[in-house]
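Please look over the sequence and the model below, and keep both in view while reading this report. The sections take up a few features in turn.

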Amino acid sequence: MESKNAAYIARAKEILAQMTLEEKVAQMVQVPYAMVGREEALRWAKLGAGSFLHVLGDDAREVQQAACSTRLGIPVIFGIDAVRGHALNDHATVFPTQLACACTWDREIAREMGRVTAREVATDGLHWTFSPLLCLSRDTRWGRVNETFGEDPYLTGELAAAIIEGYQGDSLDDEESILACAKHYYAYGEAVGARDACDSEITYRKAREVFLPPFKKAVDAGCASFMTAYGSIDGTPLTIDRHSLKDILRDEMGFEGFVVTDWDNMSSLVKQQFVAEDTDEAARLAAEAGNDMIMTSVAFYDSAVKLVREGRLDEAVIDEAVLHILTIKAKMGLFEHPEKKGRPGCFGCAEHMDAALRTAQRSITLLRNDGVLPIAPSCKKIAVIGANADDVRAQYGDWTYFTHPLPDPDHVPVRPYTTIREGVEELAKAKGASCVYARGCGPIASDEDDLPSAVEAAKGADVIVYVVGDVVSQVGEGKDRADLSLSGRQTELFRQLRALNIPLVTVLCASKPLAMGDAAEQADAVVVAFNGGATGGKAVAQALFGEINPSGRLPISFPRHSGQVPVYYNQLPGWHKLVDKQKYCDLPETPLYVFGEGLSYTDFAYENMTFDPQTMKASVQVSNTGARAGLETVQVYFRDLVSSVMTPVKNLIAYKQVELAPGETKTVEIKLERMDFALVNRREERVVEPGEFMLMVGHSSKDADLLTVKFAL
Ligand code: GLC
């Protein structure tokens, strides 16, 4: 296949031919500016380092000038974790997290989030974001669930491709485009015990069936870079897994960009994974496996130069890596304009804040409503309770200027942002209602906890909005949680509020699904906001008052108890069901809330589902049977009824969103492909096996929500 990059490869080869060994190896080094400091960073720039990370604004411009003054003047590329907006910059637009964005199921929303983020990153003079994250959150004890698009490979791939297109635009050398980075390749979220960076006990067949398909969509979307995961697959660290990095990623999937390792992966081969005697061996293993750029393990430089000089590492390996890097640098026009210009003045502008608000609004997911929502005009006193209702840091969550590049809890929050408390107060006032707030308690027990005052404040209210969740000290890399129940005294406070017998709405402002227990099962309504970003509080308030009609659908299942996980929906069938089909002696098998679930202030009905295996066309009639307009996400699942390897009880293969006015009916047609019904057999081949299948179409992954039809292929 003629490479799309032919011209850029030729340009890169011309430059490569002029480079010394030292200059080539330096091009593979990515320097952590925040860790090494300005002087050392400038020394690396003069040595010809290829990239720096976590450097902003004028510091970046100074590094670039130093790099461009070297013998060959090869510009550096600056990478940053702009994973939910350019949120490490405190003047940028802080979007909801990827997990919240996934609740929208909307490719256009994801694309727009990417576009706005790219514009702001480029305006900061930077070139590259370490995003999107394509790991699957199948075990929600993991600390980084908030960074994922949820548990499902299909939805993850669709939204990842969309955000990549947003980041990269029509052309990498566009002033407002940046490089995307598909991470972490792969199955990093599948580590045993959900313990970050540990081994994923999967086979290559399982990888091909579940974890690789989203990355294939990233390649097909033209993603310019990939990031090698920390972990290992069945005992082989991804960093040294040439089968994954070369045979699968490049030869099978056709990836033409460059691969960067995750933080210190090379050194971890020695210190954490014990597969390399020393730095030299680690450098050789990492280079030979197909890592083109080495993140932060700057010792790679000396080792690689020495290894080539001593004939222990073929210089062709270095040449191939550097060619991949220079090709992308040529493709993004870096030699012509080393510094991105972006759109000056766009940080936090109205257009961008509107985009963030749209994302937050569409992410709001209503999981229970016994009629208390939307808050009625007759409600004249509203009590808002809970620390997370008024804590912008908790509402932001991870990967913002509070948490990275170094944790900075003292960083003063920069407006504009709206907490849930502020959002409710503003709308209550506009509706002639009063709003009282009491902190009560938060996710971490503290001296500020004061349950009696919160209960006292809630007395006499017409409705209580109780906000529960987690805080950033419980979230992120290396912060996995064994106990997913509401921490601190949150459940205790819920029970005291419940005892008031006042309509009680629980709002989840958290990084991930928590085992909410009574706070969900005993509430009159449950609203999930996850981490809504700067506009999150406004969106929650608009949903509570019915200014918007919630349309979010869960991209991830909620466990009843930590002991249940993993509870993802697309499990293989099992048996030995105990009494009442319970899988556990002490708990139901089913999650508290399932993938695809989400209510509306209206109701939808499905009928007349058909599927023609010849034309591969599915069709269903969807009606809005309620009194207000709503957005419905029509979901399409399938099951292979008899297969040579066991296959999931259902798998999402398509979805379509449809706006419906009250009383309106639409016929929704969805075109499928034969390969949508494929499995990966024991020879690791993706095939469609002849036989009987079931197609399921409906409102969520719950059996009760699905119309089914059997057919043969
Ligand atoms: C971190 C993360 C990765 C991030 C990188 C650079 O440790 O694992 O997701 O992009 O290092 O910050």
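## One helix and its surroundings

Which are the buried residues of helix 17 (residues 451-458)? In this predicted model, they are L451, A454, V455, A457 and A458. Seen down the axis of helix 17, these buried residues fall within an arc of 160°, so they line one face of the helix.

What covers the buried residues of helix 17 includes three strands and a helix, namely strand 13 (381-385), strand 14 (434-438), strand 15 (463-469) and helix 18 (490-498). Just after helix 17 comes G460, which takes a positive phi of about 85°.

## The three domains

The domain assignment of the protein chain gives domain 1 (24-331), domain 2 (359-564) and domain 3 (604-712). The centres of domain 2 and domain 3, taken over C-alpha atoms, are separated by 34 Å, and the contact takes 7 residues from domain 2 and 10 residues from domain 3.

## A pocket between two domains

The second largest pocket has a volume of about 850 Å³. Of the 37 residues that line this pocket, the closest to its centre are R208, E209, P213, A678 and R686. The elements that give two or more residues to the lining are helix 7 (153-168), helix 8 (204-220), helix 9 (242-252), strand 20 (630-640), strand 21 (651-660) and strand 23 (679-680), and the largest share, 9 residues, comes from helix 8.

Where does the second largest pocket lie with respect to domain 1 and domain 3? Both domain 1 (24-331) and domain 3 (604-712) give residues to its lining, so the pocket lies between them. By residue type, the lining divides into 19 nonpolar, 4 polar and 14 charged residues.

## A buried tyrosine

Y396 is found in helix 15 (residues 392-396). Is Y396 buried or exposed? Y396 has a relative accessible area of 1%, and because residues under 20% count as buried, Y396 is buried.

When residues up to four places away in sequence are not counted, Y396 touches R84, V94, T97, Y401, F402, V414, P416, Y417, N531, G533 and A534. Y396 can also be placed relative to N265, for these two residues are 131 residues apart in sequence and 28 Å apart in space, C-alpha to C-alpha.

## Backbone details to look for

Most residues other than glycine have a negative phi, and most peptide bonds are trans. With that background, the following places in the chain may be worth finding in the model.

The peptide bond from R415 to P416 is cis, with omega near 10°, and P416, which is among the residues that Y396 touches, lies in the loop between helix 15 and helix 16 (420-430). A cis peptide bond also runs from K183 to H184, with omega near -15°, and H184 is found in strand 5 (residues 181-185).

Although F274 is not a glycine, F274 has a positive phi of about 55°; this residue is found in the loop between helix 10 (265-271) and helix 11 (279-289), where F274 is exposed, with a relative accessible area of 64%. N608, which is not a glycine either, has a positive phi of about 55°, and N608 lies in strand 18 (residues 604-612).

Key:
Residues numbered from 1 in each chain as written. Predicted model: local features only at pLDDT ≥ 70, side-chain atom pairs only at ≥ 80, totals over all residues. Heavy atoms only, no water. 1 Å grid on protein atoms, 1.4 Å probe; cavity = no way out; pocket = protein on both sides within 12 Å on 5 of 7 lines; lining within 4 Å. Points joined across faces, edges and corners; volume = space filled by probe spheres on them. Helix = DSSP H or I, 4+ residues; strand = E, 2+ residues; numbered from the N terminus. Nonpolar A, V, L, I, M, F, W, Y, C, P; charged D, E, K, R; others polar. Domains from an automatic or database assignment. Buried < 20%, exposed > 50% of the residue type's maximum accessible area, 1.4 Å probe, protein only. Arc of directions from axis to C-beta. Contact = heavy atoms within 4.5 Å.
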